[in-house]
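I opened this notebook to record what I looked up about the protein surface and its nucleic acid partners.

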Number of protein chains: 2
Amino acid sequence: MHDHPSDRSTDLAKAKRTLKWQRDPEGMRLRILEAAKQEFAAHGIAGARVDRIAAEAGANKRMLYYHVGNKEDLYLAVLEGAYEKIRAEERTLDLEHLDPPEAIERLIEFTWNYFIRNPEFLALLNTENLARARHLKRSTKVKSMHSPFVEMIRTVVTRGVARGDFKVAMDPVQLYISIASLGFFYLSNSATLSVIFGRDLLKKPAKDERLAHMVALVLAALTGKSTASFGKGSAAVEKPNVRTFSRVVPAKAGTHNP
Amino acid sequence: MHDHPSDRSTDLAKAKRTLKWQRDPEGMRLRILEAAKQEFAAHGIAGARVDRIAAEAGANKRMLYYHVGNKEDLYLAVLEGAYEKIRAEERTLDLEHLDPPEAIERLIEFTWNYFIRNPEFLALLNTENLARARHLKRSTKVKSMHSPFVEMIRTVVTRGVARGDFKVAMDPVQLYISIASLGFFYLSNSATLSVIFGRDLLKKPAKDERLAHMVALVLAALTGKSTASFGKGSAAVEKPNVRTFSRVVPAKAGTHNP
DNA sequence: CCAGAAATTAACCCGTTGGATAATTACTGT
DNA sequence: ACAGTAATTATCCAACGGGTTAATTTCTGG
(Lines give C-alpha, C1' and ligand atoms only; values in the text may rest on other atoms or scores of the structure.)
Protein backbone atom coordinates (compact mmCIF):
# COMPACT_ATOMS: atom_id res chain seq x y z
CA MET A 1 0.00 0.00 0.00
CA HIS A 2 1.14 3.58 -0.52
CA ASP A 3 2.30 5.65 2.40
CA HIS A 4 -0.31 7.50 4.26
CA PRO A 5 0.48 10.28 6.72
CA SER A 6 -1.14 8.45 9.63
CA ASP A 7 0.47 5.12 8.93
CA ARG A 8 3.80 4.73 10.63
CA SER A 9 3.60 4.36 14.39
CA THR A 10 1.36 1.50 15.38
CA ASP A 11 -0.09 3.09 18.48
CA LEU A 12 -0.26 6.67 17.57
CA ALA A 13 -3.76 5.87 18.65
CA LYS A 14 -4.11 8.98 20.69
CA ALA A 15 -2.51 11.25 18.13
CA LYS A 16 -6.00 11.89 16.95
CA ARG A 17 -7.14 13.45 20.20
CA THR A 18 -6.91 16.89 18.68
CA LEU A 19 -9.55 18.63 20.75
CA LYS A 20 -12.21 16.02 20.18
CA TRP A 21 -11.43 13.98 17.13
CA GLN A 22 -10.98 14.41 13.44
CA ARG A 23 -12.04 12.36 10.48
CA ASP A 24 -9.63 10.17 8.59
CA PRO A 25 -11.39 7.34 6.86
CA GLU A 26 -8.48 6.05 4.78
CA GLY A 27 -6.02 6.39 7.61
CA MET A 28 -8.41 4.64 9.92
CA ARG A 29 -8.88 1.82 7.50
CA LEU A 30 -5.15 1.37 7.13
CA ARG A 31 -4.57 1.39 10.86
CA ILE A 32 -7.33 -1.15 11.30
CA LEU A 33 -5.87 -3.46 8.70
CA GLU A 34 -2.37 -3.12 10.11
CA ALA A 35 -3.58 -3.85 13.61
CA ALA A 36 -5.63 -6.76 12.32
CA LYS A 37 -2.62 -8.16 10.51
CA GLN A 38 -0.58 -8.18 13.67
CA GLU A 39 -3.41 -9.62 15.69
CA PHE A 40 -4.27 -12.41 13.26
CA ALA A 41 -0.62 -13.23 12.74
CA ALA A 42 -0.01 -13.42 16.46
CA HIS A 43 -3.11 -15.32 17.49
CA GLY A 44 -4.71 -16.95 14.48
CA ILE A 45 -8.32 -16.48 13.54
CA ALA A 46 -10.01 -17.92 16.59
CA GLY A 47 -7.44 -16.44 18.93
CA ALA A 48 -7.66 -12.95 17.50
CA ARG A 49 -9.67 -10.45 19.52
CA VAL A 50 -11.71 -7.84 17.77
CA ASP A 51 -11.42 -5.53 20.74
CA ARG A 52 -7.66 -5.74 20.72
CA ILE A 53 -7.57 -4.86 17.05
CA ALA A 54 -9.75 -1.86 17.70
CA ALA A 55 -7.64 -0.74 20.63
CA GLU A 56 -4.39 -1.18 18.75
CA ALA A 57 -5.78 0.73 15.80
CA GLY A 58 -6.84 3.51 18.11
CA ALA A 59 -10.39 2.98 17.05
CA ASN A 60 -13.72 2.09 18.42
CA LYS A 61 -14.75 -1.48 17.80
CA ARG A 62 -17.66 -0.28 15.75
CA MET A 63 -15.20 1.16 13.25
CA LEU A 64 -14.02 -2.26 12.21
CA TYR A 65 -17.46 -3.21 11.11
CA TYR A 66 -18.04 0.17 9.54
CA HIS A 67 -14.87 0.21 7.47
CA VAL A 68 -14.19 -3.44 6.73
CA GLY A 69 -16.74 -5.87 8.03
CA ASN A 70 -16.94 -8.63 10.55
CA LYS A 71 -14.06 -10.66 11.88
CA GLU A 72 -13.84 -12.91 8.86
CA ASP A 73 -14.04 -10.07 6.37
CA LEU A 74 -11.27 -8.44 8.33
CA TYR A 75 -9.17 -11.55 8.15
CA LEU A 76 -9.68 -11.97 4.44
CA ALA A 77 -8.79 -8.35 3.80
CA VAL A 78 -5.58 -8.86 5.72
CA LEU A 79 -4.76 -12.02 3.84
CA GLU A 80 -5.38 -10.41 0.48
CA GLY A 81 -3.24 -7.47 1.49
CA ALA A 82 -0.43 -9.81 2.42
CA TYR A 83 -0.50 -11.49 -0.97
CA GLU A 84 -0.70 -8.18 -2.76
CA LYS A 85 2.36 -6.98 -0.94
CA ILE A 86 4.57 -9.95 -1.68
CA ARG A 87 3.47 -10.09 -5.29
CA ALA A 88 4.31 -6.43 -5.69
CA GLU A 89 7.78 -6.92 -4.28
CA GLU A 90 8.33 -10.02 -6.34
CA ARG A 91 7.69 -8.02 -9.47
CA THR A 92 10.54 -5.67 -8.63
CA LEU A 93 13.05 -8.48 -8.83
CA ASP A 94 14.78 -8.49 -12.19
CA LEU A 95 16.74 -11.63 -12.94
CA GLU A 96 16.84 -11.48 -16.69
CA HIS A 97 20.23 -9.80 -16.96
CA LEU A 98 22.02 -12.02 -14.45
CA ASP A 99 23.99 -15.17 -15.02
CA PRO A 100 21.68 -18.10 -14.27
CA PRO A 101 23.49 -19.22 -11.13
CA GLU A 102 23.51 -15.74 -9.77
CA ALA A 103 19.88 -15.28 -10.70
CA ILE A 104 18.98 -18.34 -8.65
CA GLU A 105 21.04 -17.06 -5.78
CA ARG A 106 19.28 -13.72 -5.89
CA LEU A 107 15.95 -15.46 -5.95
CA ILE A 108 16.76 -17.48 -2.89
CA GLU A 109 18.07 -14.47 -1.06
CA PHE A 110 15.05 -12.39 -1.91
CA THR A 111 12.64 -15.04 -0.75
CA TRP A 112 14.59 -15.62 2.43
CA ASN A 113 14.84 -11.97 3.29
CA TYR A 114 11.23 -11.31 2.49
CA PHE A 115 10.26 -13.98 4.97
CA ILE A 116 12.57 -12.51 7.57
CA ARG A 117 11.25 -9.02 7.03
CA ASN A 118 7.63 -10.17 7.11
CA PRO A 119 7.11 -12.74 9.83
CA GLU A 120 3.40 -12.00 9.85
CA PHE A 121 3.22 -13.28 6.31
CA LEU A 122 4.47 -16.67 7.40
CA ALA A 123 2.04 -16.75 10.30
CA LEU A 124 -0.86 -15.78 8.10
CA LEU A 125 -0.07 -18.49 5.58
CA ASN A 126 0.11 -21.06 8.34
CA THR A 127 -3.16 -19.86 9.74
CA GLU A 128 -4.82 -19.99 6.36
CA ASN A 129 -3.55 -23.49 5.76
CA LEU A 130 -4.77 -24.57 9.15
CA ALA A 131 -8.14 -23.41 7.84
CA ARG A 132 -7.50 -25.45 4.68
CA ALA A 133 -7.50 -22.30 2.57
CA ARG A 134 -11.19 -21.85 3.26
CA HIS A 135 -10.91 -18.11 2.79
CA LEU A 136 -8.44 -18.05 -0.08
CA LYS A 137 -10.76 -20.22 -2.11
CA ARG A 138 -13.41 -17.53 -1.92
CA SER A 139 -10.99 -14.77 -2.88
CA THR A 140 -11.04 -14.22 -6.63
CA LYS A 141 -8.64 -11.38 -5.97
CA VAL A 142 -5.84 -13.60 -4.70
CA LYS A 143 -6.49 -16.27 -7.25
CA SER A 144 -5.81 -13.76 -9.97
CA MET A 145 -2.50 -12.62 -8.46
CA HIS A 146 0.00 -14.94 -10.04
CA SER A 147 3.55 -14.99 -8.84
CA PRO A 148 6.02 -13.97 -11.53
CA PHE A 149 8.59 -16.31 -10.02
CA VAL A 150 7.50 -19.49 -11.73
CA GLU A 151 8.02 -17.96 -15.15
CA MET A 152 11.23 -16.27 -14.05
CA ILE A 153 12.55 -19.61 -12.88
CA ARG A 154 11.52 -21.30 -16.07
CA THR A 155 13.44 -18.91 -18.27
CA VAL A 156 16.46 -18.80 -15.98
CA VAL A 157 16.66 -22.57 -15.86
CA THR A 158 16.24 -22.88 -19.59
CA ARG A 159 18.93 -20.29 -20.13
CA GLY A 160 21.23 -21.95 -17.63
CA VAL A 161 20.87 -25.31 -19.31
CA ALA A 162 21.50 -23.79 -22.72
CA ARG A 163 24.60 -21.99 -21.52
CA GLY A 164 25.89 -25.07 -19.81
CA ASP A 165 25.71 -23.55 -16.36
CA PHE A 166 23.14 -26.09 -15.27
CA LYS A 167 23.35 -29.80 -15.78
CA VAL A 168 19.70 -30.56 -15.22
CA ALA A 169 16.46 -28.78 -15.86
CA MET A 170 14.06 -28.86 -13.00
CA ASP A 171 10.36 -28.27 -13.10
CA PRO A 172 10.00 -24.55 -12.25
CA VAL A 173 7.04 -25.18 -10.00
CA GLN A 174 8.91 -27.76 -7.98
CA LEU A 175 11.96 -25.58 -7.75
CA TYR A 176 9.85 -22.60 -6.73
CA ILE A 177 8.23 -24.63 -3.99
CA SER A 178 11.58 -25.99 -2.88
CA ILE A 179 13.16 -22.59 -2.60
CA ALA A 180 10.23 -21.35 -0.59
CA SER A 181 10.29 -24.51 1.53
CA LEU A 182 13.89 -24.26 2.60
CA GLY A 183 13.45 -20.82 4.04
CA PHE A 184 9.84 -20.94 5.11
CA PHE A 185 10.10 -24.05 7.21
CA TYR A 186 13.25 -22.89 8.94
CA LEU A 187 11.77 -19.55 9.92
CA SER A 188 8.21 -20.62 10.49
CA ASN A 189 9.31 -23.48 12.72
CA SER A 190 12.25 -21.74 14.29
CA ALA A 191 10.56 -21.65 17.67
CA THR A 192 10.12 -25.40 18.04
CA LEU A 193 13.34 -26.21 16.22
CA SER A 194 15.27 -23.91 18.52
CA VAL A 195 13.91 -25.77 21.52
CA ILE A 196 14.63 -29.15 19.99
CA PHE A 197 18.17 -28.27 18.99
CA GLY A 198 18.81 -26.28 22.11
CA ARG A 199 20.10 -23.25 20.26
CA ASP A 200 18.63 -20.07 18.90
CA LEU A 201 18.10 -20.42 15.17
CA LEU A 202 17.15 -16.79 14.80
CA LYS A 203 20.39 -15.18 15.84
CA LYS A 204 22.34 -13.74 12.98
CA PRO A 205 25.12 -16.31 12.56
CA ALA A 206 22.55 -19.11 12.44
CA LYS A 207 20.50 -17.30 9.84
CA ASP A 208 23.56 -16.53 7.75
CA GLU A 209 24.59 -20.13 7.87
CA ARG A 210 21.12 -21.19 6.79
CA LEU A 211 21.10 -18.87 3.81
CA ALA A 212 24.49 -20.12 2.72
CA HIS A 213 23.32 -23.70 3.01
CA MET A 214 20.19 -23.10 0.97
CA VAL A 215 22.07 -21.40 -1.82
CA ALA A 216 24.74 -24.06 -1.87
CA LEU A 217 22.20 -26.87 -1.86
CA VAL A 218 20.14 -25.60 -4.74
CA LEU A 219 23.06 -24.48 -6.85
CA ALA A 220 24.92 -27.70 -6.28
CA ALA A 221 21.88 -29.62 -7.45
CA LEU A 222 21.54 -27.46 -10.54
CA THR A 223 25.14 -27.12 -11.57
CA GLY A 224 26.43 -30.46 -10.41
CA LYS A 225 29.40 -28.62 -8.98
CA SER A 226 30.16 -28.68 -5.29
CA THR A 227 29.83 -24.93 -5.56
CA ALA A 228 32.82 -23.89 -3.50
CA SER A 229 32.46 -20.27 -2.45
CA PHE A 230 32.01 -18.85 -5.91
CA GLY A 231 32.95 -15.21 -5.94
CA LYS A 232 31.26 -12.15 -7.38
CA GLY A 233 31.27 -10.15 -4.17
CA SER A 234 27.79 -9.46 -5.50
CA ALA A 235 26.21 -7.59 -2.59
CA ALA A 236 23.28 -9.96 -2.57
CA VAL A 237 19.85 -8.50 -2.84
CA GLU A 238 19.57 -7.52 0.75
CA LYS A 239 22.32 -9.19 2.67
CA PRO A 240 25.72 -10.30 1.47
CA ASN A 241 26.79 -13.66 2.72
CA VAL A 242 29.15 -16.53 2.83
CA ARG A 243 28.17 -19.27 0.49
CA THR A 244 29.66 -22.64 0.96
CA PHE A 245 28.51 -25.73 2.66
CA SER A 246 29.57 -25.31 6.22
CA ARG A 247 32.88 -26.97 6.98
CA VAL A 248 33.12 -30.67 6.39
CA VAL A 249 30.96 -32.64 8.77
CA PRO A 250 31.38 -30.26 11.69
CA ALA A 251 31.56 -32.95 14.33
CA LYS A 252 29.26 -32.70 17.30
CA ALA A 253 30.37 -29.08 17.62
CA GLY A 254 28.11 -26.93 19.73
CA THR A 255 24.89 -28.70 19.05
CA HIS A 256 23.54 -30.56 22.00
CA ASN A 257 21.21 -32.63 19.87
CA PRO A 258 22.48 -36.14 19.23
CA MET B 1 0.83 -46.10 22.80
CA HIS B 2 -0.14 -49.76 23.09
CA ASP B 3 -3.45 -51.03 21.82
CA HIS B 4 -6.31 -50.89 24.18
CA PRO B 5 -9.59 -52.73 23.59
CA SER B 6 -11.68 -49.60 23.54
CA ASP B 7 -9.42 -47.68 21.21
CA ARG B 8 -10.19 -48.22 17.58
CA SER B 9 -13.36 -46.50 16.35
CA THR B 10 -13.34 -42.83 17.08
CA ASP B 11 -16.99 -42.53 17.93
CA LEU B 12 -17.68 -45.81 19.55
CA ALA B 13 -18.82 -43.31 22.09
CA LYS B 14 -22.01 -45.20 22.74
CA ALA B 15 -20.42 -48.61 22.82
CA LYS B 16 -20.12 -48.01 26.53
CA ARG B 17 -23.86 -47.80 27.05
CA THR B 18 -23.89 -51.32 28.44
CA LEU B 19 -26.86 -50.91 30.71
CA LYS B 20 -25.58 -47.80 32.42
CA TRP B 21 -21.85 -47.42 31.99
CA GLN B 22 -18.66 -49.15 32.87
CA ARG B 23 -15.32 -47.94 34.08
CA ASP B 24 -12.31 -47.68 31.79
CA PRO B 25 -9.84 -45.08 32.97
CA GLU B 26 -6.99 -45.88 30.59
CA GLY B 27 -9.30 -46.28 27.62
CA MET B 28 -11.01 -43.07 28.47
CA ARG B 29 -7.73 -41.24 28.73
CA LEU B 30 -6.63 -42.51 25.35
CA ARG B 31 -9.90 -41.57 23.69
CA ILE B 32 -9.67 -38.13 25.21
CA LEU B 33 -6.13 -37.60 23.95
CA GLU B 34 -6.99 -38.87 20.50
CA ALA B 35 -10.03 -36.64 20.29
CA ALA B 36 -7.99 -33.73 21.59
CA LYS B 37 -5.31 -34.36 19.00
CA GLN B 38 -7.82 -34.16 16.18
CA GLU B 39 -9.48 -31.10 17.64
CA PHE B 40 -6.30 -29.16 18.26
CA ALA B 41 -4.90 -30.13 14.88
CA ALA B 42 -8.06 -29.03 13.15
CA HIS B 43 -8.69 -25.80 15.01
CA GLY B 44 -5.58 -24.71 16.84
CA ILE B 45 -5.50 -23.93 20.52
CA ALA B 46 -7.92 -21.03 20.66
CA GLY B 47 -10.19 -22.60 18.08
CA ALA B 48 -10.42 -25.94 19.82
CA ARG B 49 -13.57 -26.59 21.80
CA VAL B 50 -13.39 -28.53 25.00
CA ASP B 51 -16.98 -29.66 24.58
CA ARG B 52 -16.27 -31.06 21.13
CA ILE B 53 -13.32 -33.01 22.46
CA ALA B 54 -15.49 -34.47 25.19
CA ALA B 55 -18.25 -35.35 22.77
CA GLU B 56 -15.86 -36.92 20.28
CA ALA B 57 -14.23 -38.93 23.04
CA GLY B 58 -17.63 -40.13 24.16
CA ALA B 59 -17.01 -38.53 27.50
CA ASN B 60 -18.38 -35.93 29.78
CA LYS B 61 -16.53 -32.65 29.74
CA ARG B 62 -15.67 -33.13 33.38
CA MET B 63 -13.62 -36.18 32.40
CA LEU B 64 -11.08 -34.11 30.56
CA TYR B 65 -10.22 -32.23 33.69
CA TYR B 66 -10.33 -35.39 35.77
CA HIS B 67 -7.98 -37.40 33.55
CA VAL B 68 -5.71 -34.82 32.01
CA GLY B 69 -6.26 -31.29 33.15
CA ASN B 70 -7.40 -28.02 31.66
CA LYS B 71 -7.30 -27.07 28.02
CA GLU B 72 -3.62 -26.20 28.03
CA ASP B 73 -2.61 -29.33 29.87
CA LEU B 74 -4.61 -31.24 27.31
CA TYR B 75 -2.82 -29.51 24.50
CA LEU B 76 0.59 -30.13 25.95
CA ALA B 77 -0.18 -33.79 26.50
CA VAL B 78 -1.19 -34.06 22.87
CA LEU B 79 1.94 -32.31 21.70
CA GLU B 80 4.20 -34.50 23.79
CA GLY B 81 2.42 -37.58 22.50
CA ALA B 82 2.99 -36.42 18.94
CA TYR B 83 6.72 -36.03 19.50
CA GLU B 84 6.93 -39.36 21.27
CA LYS B 85 5.29 -41.04 18.34
CA ILE B 86 7.54 -39.65 15.65
CA ARG B 87 10.67 -40.22 17.69
CA ALA B 88 9.65 -43.84 18.22
CA GLU B 89 9.14 -44.38 14.50
CA GLU B 90 12.36 -42.61 13.66
CA ARG B 91 14.26 -45.04 15.82
CA THR B 92 12.98 -47.95 13.75
CA LEU B 93 14.72 -46.63 10.65
CA ASP B 94 17.99 -48.39 10.11
CA LEU B 95 20.28 -46.76 7.59
CA GLU B 96 23.62 -48.11 8.67
CA HIS B 97 23.70 -51.02 6.24
CA LEU B 98 22.65 -49.04 3.17
CA ASP B 99 24.76 -47.32 0.57
CA PRO B 100 24.92 -43.65 1.50
CA PRO B 101 22.85 -42.40 -1.44
CA GLU B 102 20.20 -44.98 -0.76
CA ALA B 103 20.26 -44.19 2.92
CA ILE B 104 19.53 -40.56 2.16
CA GLU B 105 16.76 -41.57 -0.17
CA ARG B 106 15.22 -43.75 2.51
CA LEU B 107 15.43 -40.94 4.98
CA ILE B 108 13.65 -38.56 2.67
CA GLU B 109 10.98 -41.09 1.89
CA PHE B 110 10.41 -41.91 5.51
CA THR B 111 10.06 -38.28 6.50
CA TRP B 112 7.76 -37.57 3.62
CA ASN B 113 5.54 -40.54 4.27
CA TYR B 114 5.42 -39.88 7.97
CA PHE B 115 4.11 -36.40 7.25
CA ILE B 116 1.55 -37.79 4.85
CA ARG B 117 0.39 -40.41 7.31
CA ASN B 118 0.23 -37.92 10.17
CA PRO B 119 -1.26 -34.67 8.99
CA GLU B 120 -2.16 -33.75 12.57
CA PHE B 121 1.50 -33.71 13.39
CA LEU B 122 2.11 -30.98 10.85
CA ALA B 123 -0.83 -28.99 12.13
CA LEU B 124 0.29 -29.33 15.72
CA LEU B 125 3.77 -28.14 14.91
CA ASN B 126 2.39 -25.14 13.10
CA THR B 127 0.11 -24.38 15.99
CA GLU B 128 2.94 -24.66 18.47
CA ASN B 129 5.12 -22.37 16.40
CA LEU B 130 2.32 -19.87 16.12
CA ALA B 131 2.50 -19.92 19.92
CA ARG B 132 6.26 -19.44 19.64
CA ALA B 133 6.87 -22.80 21.29
CA ARG B 134 5.49 -21.44 24.52
CA HIS B 135 4.42 -24.92 25.62
CA LEU B 136 7.36 -26.89 24.27
CA LYS B 137 9.70 -24.74 26.27
CA ARG B 138 8.01 -25.90 29.45
CA SER B 139 8.11 -29.55 28.46
CA THR B 140 11.24 -31.19 29.81
CA LYS B 141 9.84 -34.38 28.36
CA VAL B 142 10.07 -33.24 24.76
CA LYS B 143 13.37 -31.49 25.27
CA SER B 144 14.90 -34.78 26.29
CA MET B 145 13.61 -36.63 23.21
CA HIS B 146 16.37 -36.16 20.70
CA SER B 147 15.88 -37.21 17.13
CA PRO B 148 18.28 -39.92 16.04
CA PHE B 149 18.28 -38.48 12.55
CA VAL B 150 20.95 -35.88 13.03
CA GLU B 151 23.50 -38.48 14.08
CA MET B 152 22.30 -40.88 11.40
CA ILE B 153 22.83 -38.20 8.82
CA ARG B 154 26.24 -37.33 10.16
CA THR B 155 27.54 -40.86 9.85
CA VAL B 156 25.91 -41.46 6.49
CA VAL B 157 27.38 -38.28 5.06
CA THR B 158 30.80 -39.04 6.47
CA ARG B 159 30.65 -42.51 5.05
CA GLY B 160 29.43 -41.22 1.70
CA VAL B 161 32.26 -38.75 1.46
CA ALA B 162 34.82 -41.41 2.40
CA ARG B 163 33.49 -43.81 -0.18
CA GLY B 164 33.42 -41.14 -2.83
CA ASP B 165 29.65 -41.29 -3.23
CA PHE B 166 29.31 -37.72 -2.06
CA LYS B 167 31.31 -34.78 -3.26
CA VAL B 168 30.53 -32.47 -0.38
CA ALA B 169 29.89 -32.88 3.29
CA MET B 170 26.96 -30.91 4.54
CA ASP B 171 26.22 -29.96 8.10
CA PRO B 172 23.89 -32.71 9.35
CA VAL B 173 21.62 -30.27 11.11
CA GLN B 174 21.20 -28.16 8.00
CA LEU B 175 20.57 -31.22 5.90
CA TYR B 176 18.10 -32.58 8.42
CA ILE B 177 16.20 -29.32 8.40
CA SER B 178 16.30 -29.16 4.61
CA ILE B 179 14.91 -32.63 4.19
CA ALA B 180 12.12 -31.87 6.62
CA SER B 181 11.52 -28.52 4.93
CA LEU B 182 11.02 -29.85 1.43
CA GLY B 183 8.25 -32.17 2.50
CA PHE B 184 6.77 -30.24 5.38
CA PHE B 185 6.19 -27.02 3.52
CA TYR B 186 4.66 -28.75 0.53
CA LEU B 187 2.19 -30.69 2.63
CA SER B 188 1.53 -28.14 5.31
CA ASN B 189 0.87 -25.44 2.75
CA SER B 190 -0.80 -27.65 0.17
CA ALA B 191 -4.14 -25.95 0.72
CA THR B 192 -3.00 -22.45 -0.20
CA LEU B 193 -0.53 -23.64 -2.80
CA SER B 194 -3.23 -25.67 -4.49
CA VAL B 195 -5.40 -22.58 -4.77
CA ILE B 196 -2.51 -20.45 -6.03
CA PHE B 197 -1.41 -22.97 -8.63
CA GLY B 198 -4.92 -23.96 -9.53
CA ARG B 199 -4.26 -27.65 -9.15
CA ASP B 200 -4.61 -30.22 -6.42
CA LEU B 201 -1.18 -30.86 -4.92
CA LEU B 202 -2.49 -33.71 -2.80
CA LYS B 203 -3.57 -36.08 -5.53
CA LYS B 204 -1.28 -39.04 -5.97
CA PRO B 205 0.59 -38.08 -9.14
CA ALA B 206 1.44 -34.69 -7.69
CA LYS B 207 2.71 -36.23 -4.49
CA ASP B 208 4.77 -38.79 -6.35
CA GLU B 209 6.30 -36.07 -8.45
CA ARG B 210 7.14 -34.11 -5.34
CA LEU B 211 8.89 -37.02 -3.68
CA ALA B 212 10.90 -37.68 -6.81
CA HIS B 213 11.92 -34.06 -6.98
CA MET B 214 13.02 -33.92 -3.35
CA VAL B 215 15.13 -37.03 -3.66
CA ALA B 216 16.68 -35.87 -6.89
CA LEU B 217 17.41 -32.43 -5.52
CA VAL B 218 19.16 -33.58 -2.39
CA LEU B 219 21.06 -36.40 -4.02
CA ALA B 220 22.16 -34.22 -6.88
CA ALA B 221 23.52 -31.72 -4.41
CA LEU B 222 25.35 -34.39 -2.48
CA THR B 223 26.71 -36.49 -5.30
CA GLY B 224 27.22 -33.78 -7.85
CA LYS B 225 25.66 -36.09 -10.40
CA SER B 226 22.50 -35.16 -12.19
CA THR B 227 21.16 -38.31 -10.64
CA ALA B 228 19.35 -39.70 -13.64
CA SER B 229 16.90 -42.33 -12.46
CA PHE B 230 19.38 -44.43 -10.59
CA GLY B 231 18.12 -47.95 -10.25
CA LYS B 232 17.94 -50.35 -7.34
CA GLY B 233 14.22 -51.07 -7.62
CA SER B 234 14.56 -50.67 -3.89
CA ALA B 235 10.94 -50.79 -2.79
CA ALA B 236 11.32 -47.54 -0.89
CA VAL B 237 10.43 -47.52 2.73
CA GLU B 238 6.75 -47.16 2.24
CA LYS B 239 6.08 -46.26 -1.34
CA PRO B 240 8.13 -47.07 -4.41
CA ASN B 241 8.54 -44.23 -6.83
CA VAL B 242 10.00 -42.65 -9.87
CA ARG B 243 13.13 -40.66 -9.13
CA THR B 244 14.30 -38.21 -11.71
CA PHE B 245 13.84 -34.55 -12.17
CA SER B 246 10.64 -34.21 -14.06
CA ARG B 247 11.14 -33.91 -17.80
CA VAL B 248 13.24 -31.03 -18.98
CA VAL B 249 11.57 -27.69 -18.36
CA PRO B 250 8.07 -28.95 -18.90
CA ALA B 251 6.79 -25.87 -20.73
CA LYS B 252 3.68 -24.25 -19.46
CA ALA B 253 2.11 -27.67 -19.37
CA GLY B 254 -1.06 -27.96 -17.33
CA THR B 255 -0.23 -25.35 -14.77
CA HIS B 256 -2.29 -22.23 -15.03
CA ASN B 257 0.12 -20.22 -12.98
CA PRO B 258 2.32 -17.93 -15.02
C1' DC C 1 -21.41 -58.04 51.26
C1' DC C 2 -20.36 -53.63 52.20
C1' DA C 3 -17.59 -49.43 52.77
C1' DG C 4 -14.64 -46.41 50.78
C1' DA C 5 -12.41 -44.90 46.76
C1' DA C 6 -12.43 -44.27 41.85
C1' DA C 7 -14.84 -43.07 37.79
C1' DT C 8 -18.51 -40.80 35.63
C1' DT C 9 -22.69 -37.91 35.03
C1' DA C 10 -25.52 -33.84 35.41
C1' DA C 11 -26.15 -29.10 36.06
C1' DC C 12 -24.65 -24.65 36.78
C1' DC C 13 -21.69 -20.39 36.86
C1' DC C 14 -19.83 -16.36 35.13
C1' DG C 15 -16.38 -13.82 32.44
C1' DT C 16 -15.58 -13.10 27.64
C1' DT C 17 -16.54 -11.76 23.01
C1' DG C 18 -18.52 -10.84 18.59
C1' DG C 19 -21.76 -8.10 17.04
C1' DA C 20 -25.71 -4.69 17.16
C1' DT C 21 -28.32 -0.29 18.34
C1' DA C 22 -28.52 4.24 19.05
C1' DA C 23 -26.78 8.67 19.98
C1' DT C 24 -22.95 12.31 18.75
C1' DT C 25 -19.87 14.82 16.34
C1' DA C 26 -17.27 16.43 12.29
C1' DC C 27 -17.18 17.54 7.62
C1' DT C 28 -19.22 19.03 2.73
C1' DG C 29 -21.62 21.32 -0.70
C1' DT C 30 -24.67 24.82 -1.60
C1' DA D 1 -24.86 29.15 7.89
C1' DC D 2 -27.03 25.05 7.68
C1' DA D 3 -28.75 20.69 6.17
C1' DG D 4 -27.51 16.32 5.16
C1' DT D 5 -24.28 12.82 5.26
C1' DA D 6 -20.15 10.51 6.75
C1' DA D 7 -17.40 9.19 10.50
C1' DT D 8 -17.03 8.09 15.20
C1' DT D 9 -18.32 7.20 20.11
C1' DA D 10 -20.76 5.14 23.84
C1' DT D 11 -23.51 1.17 25.55
C1' DC D 12 -25.69 -2.87 25.52
C1' DC D 13 -26.60 -7.95 25.03
C1' DA D 14 -27.13 -12.65 24.06
C1' DA D 15 -24.54 -16.60 23.27
C1' DC D 16 -20.66 -19.05 23.90
C1' DG D 17 -17.20 -21.59 26.36
C1' DG D 18 -14.01 -22.95 29.93
C1' DG D 19 -14.14 -24.46 34.25
C1' DT D 20 -16.39 -25.89 38.75
C1' DT D 21 -19.51 -28.03 42.15
C1' DA D 22 -22.11 -31.62 43.58
C1' DA D 23 -24.56 -35.78 43.12
C1' DT D 24 -24.40 -40.79 41.22
C1' DT D 25 -22.75 -44.97 40.04
C1' DT D 26 -19.31 -48.66 39.58
C1' DC D 27 -15.64 -51.18 41.28
C1' DT D 28 -12.37 -53.29 44.78
C1' DG D 29 -10.41 -55.03 48.95
C1' DG D 30 -11.21 -56.80 53.32
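The entries below cover conventions, the surface near each DNA strand, and the largest pocket.

**Conventions.** I worked from a predicted model, in which local features need pLDDT of at least 70, side-chain atom pairs count only at pLDDT 80 or more, and totals for chains, interfaces and linings use all residues. Residues are numbered from 1 along each chain as its sequence is written, chains are lettered from A and ligands numbered from 1 in the order in which they are written, and side-chain values use heavy atoms, with hydrogens and water left out.

**DNA strand C.** I looked up the residues near this strand (a heavy atom within 4 Å of it). Among the 25 residues around DNA strand C, those that come nearest are Lys20(A), Arg23(A), Arg49(A), Lys61(A) and Arg23(B). Sugar or phosphate accounts for 58% of the strand C atoms within 4 Å of the protein, and bases for the rest.

I then looked for polar contacts (pairs of N or O atoms within 3.5 Å). The side chain of Lys61(A) has an N or O atom 2.5 Å from a base oxygen of DNA strand C. Asn60(B) places a polar side-chain atom 3.2 Å from a base nitrogen of that strand. For Tyr65(A), a side-chain N or O atom is 3.1 Å from a phosphate oxygen of strand C.

I took helices as DSSP runs of H or I with at least four residues, numbered from the N terminus. H3(B) provides the largest share of the surface near DNA strand C, four residues.

**DNA strand D.** Of the 25 residues around DNA strand D, I noted Arg23(A), His67(A), Arg23(B), Arg49(B) and Lys61(B) as the nearest. Here 57% of the strand atoms within 4 Å of the protein belong to sugar or phosphate. Phosphate oxygens of strand D lie 2.8 Å from a side-chain N or O atom of His67(A) and 2.9 Å from one of Tyr65(B). A base oxygen of DNA strand D is 3.0 Å from a side-chain N or O atom of Arg62(B). H3(A) gives the most to this surface, with four residues.

**Largest pocket.** Which residues are the closest to the centre of the largest pocket? I found a volume of about 1,100 Å³ for the largest pocket. Of its 46 lining residues, Ala41(A), Ala42(A), Asn129(B), Leu130(B) and Ala131(B) are the closest to the centre. Helix H1 (residues 25–47) of chain A contributes the largest share of the lining, eight residues. A pocket here is an open set of points on a 1 Å grid over the protein atoms alone where a 1.4 Å probe fits, with protein on both sides within 12 Å along at least five of seven lines; lining residues have an atom within 4 Å of a point.

Note on methods: Grid points are joined across faces, edges and corners, and a volume is the space filled by probe spheres set on the points. Helices (H or I, at least four residues) and strands (E, at least two) are DSSP runs, numbered from the N terminus. A polar contact is a pair of N or O atoms within 3.5 Å; within protein, one must be able to donate a hydrogen and the other to accept it, and residues adjacent in sequence count only if both atoms are side-chain atoms.
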